[in-house]
Amino acid sequence: MANQKMTDWNVTLEQLVGQIGEEVRGSVDKYFDFLQKTISSHPLSGTEIGEKLKDSAQKNITMARDYAHKLSRAKDFLEVVPIQTEFMQSQLASFGEQIKSFGETYTKAATEVLNTPLRKVA
């Protein structure tokens, strides 16, 4: 009898934890959706640098969302470590790509400015 009650309690607890996990994931998704909508309506759109900023922000949001989903499904610390390692590696790679892309854009803009003839001010 005591074993049955303990089993029932464990099942109920697991269901509750699962339900809370789903609610947290839903809240995280709503937050990231809000961030993506905010980024997509940013006033810098239409410029090359503005578009690159928006693209980078959206990629970062997507990566963070995926990380949060994977992390929320980890059952113990041993599952967290590879998830964290993968996330950090992807963040560093993404950061390197973004720095290179922004550097190219700034170099292009600076070259255009330097090659533009000066106008006489009357």
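This passage describes the helices, salt bridges and surface of one structure. The model is predicted.

Helix H1 covers residues 2–40. Part of its story concerns the surface, and is taken up below. Helix H2 covers residues 48–72. This helix has 25 residues. From first C-alpha to last, H2 reaches 36 Å. That is close to the 36 Å expected at 1.5 Å a residue. Helix H3 runs over residues 77–115 and has 39 residues. At 1.5 Å a residue, H3 should span 57 Å. Its end C-alpha atoms are 56 Å apart, so the expected and computed spans agree.

The buried residues come next. In H2, the buried residues are Gly 50, Lys 54, Ser 56, Ala 57, Ile 61, Met 63, Arg 65, Tyr 67 and His 69. The list includes residues that carry charge or polar groups, among them Lys 54 and Arg 65. In H3, Ile 83, Phe 87, Ser 94, Gln 98, Phe 102 and Thr 105 are buried. These buried residues of H3 pack against helix H2. A general point about helices helps in reading such lists. An α-helix has 3.6 residues a turn, so residues three or four places apart point the same way.

Gln 98 gives a detailed view of this packing. The residue is found in helix H3. Its relative accessible area is 14%. Gln 98 therefore counts as buried, since the cut-off is under 20%. Leaving aside residues up to four places away in sequence, Gln 98 touches Ser 56 and Asn 60. Ser 56 is itself one of the buried residues of H2.

Charged pairs were examined across the whole structure. Side chains of opposite charge can pair when their charged atoms come close. The search finds three salt bridges. One of them joins Arg 65 and Asp 29, with the closest N and O atoms 3.4 Å apart. Arg 65 lies in helix H2 and Asp 29 in helix H1, so this pair ties together parts that are 36 residues apart in sequence. Arg 65 also meets Asp 33 in a salt bridge, at 2.8 Å from N to O. This pair again links distant parts of the chain, with Arg 65 in helix H2 and Asp 33 in helix H1, 32 residues apart. Asp 29, Asp 33 and Arg 65 are thus linked in a network of salt bridges.

The two ends of the Arg 65 to Asp 33 pair can be compared by accessibility. Arg 65 has a relative accessible area of 15% and is therefore buried. Asp 33 stands at 34% and so counts as partly exposed. The contacts of Arg 65 reach beyond its salt-bridge partners. Not counting residues up to four places away in sequence, Arg 65 touches Asp 29, Phe 32, Asp 33 and Gln 36.

Another salt bridge joins Glu 86 and Lys 70, at 3.0 Å from N to O. Glu 86 is in helix H3 and Lys 70 in helix H2, and the pair links parts of the chain 16 residues apart. Glu 86 is partly exposed, with a relative accessible area of 42%. Lys 70 is partly exposed too, at 38%.

The start of H3 holds a further polar detail. Asp 76 is placed in the loop between H2 and H3. A side-chain oxygen of Asp 76 reaches to within 3.1 Å of the backbone nitrogen of Leu 78. The relative accessibility of Asp 76 is 39%, so the residue counts as partly exposed. Asp 76 and Thr 62 are 14 residues apart along the chain. Their C-alpha atoms are separated by 24 Å.

The surface also carries a nonpolar patch. Trp 9, Leu 13, Leu 16, Val 17, Ile 20 and Val 24 form this patch. Together they have about 570 Å² of accessible area. Ile 20, one of its members, is found in helix H1. With a relative accessible area of 45%, Ile 20 is partly exposed. Patch members must have over 30% relative accessible area, so the value for Ile 20 meets that cut-off.

How values were computed. Residues are numbered from 1 along each chain as its sequence is written. This is a predicted model: local features need pLDDT of at least 70, side-chain atom pairs count only at pLDDT 80 or more; totals for chains, interfaces and linings use all residues. Side-chain values use heavy atoms; hydrogens and water are left out. Patches are made of residues with over 30% relative accessible area and no salt bridge: like charges are joined within 9 Å, nonpolar side chains (Val, Leu, Ile, Met, Phe, Trp, Tyr) within 5 Å. Accessible areas come from the Shrake-Rupley method with a 1.4 Å probe; for residues, only the protein chains shown count as cover. A salt bridge is a side-chain nitrogen of Lys or Arg within 4 Å of a carboxyl oxygen of Asp or Glu. Helices (H or I, at least four residues) and strands (E, at least two) are DSSP runs, numbered from the N terminus. Buried means under 20% relative accessible area, exposed over 50%, partly exposed in between (1.4 Å probe, protein chains only). The expected span of a helix is 1.5 Å times one less than its number of residues. Contact means heavy atoms within 4.5 Å. A polar contact is a pair of N or O atoms within 3.5 Å; within protein, one must be able to donate a hydrogen and the other to accept it, and residues adjacent in sequence count only if both atoms are side-chain atoms.
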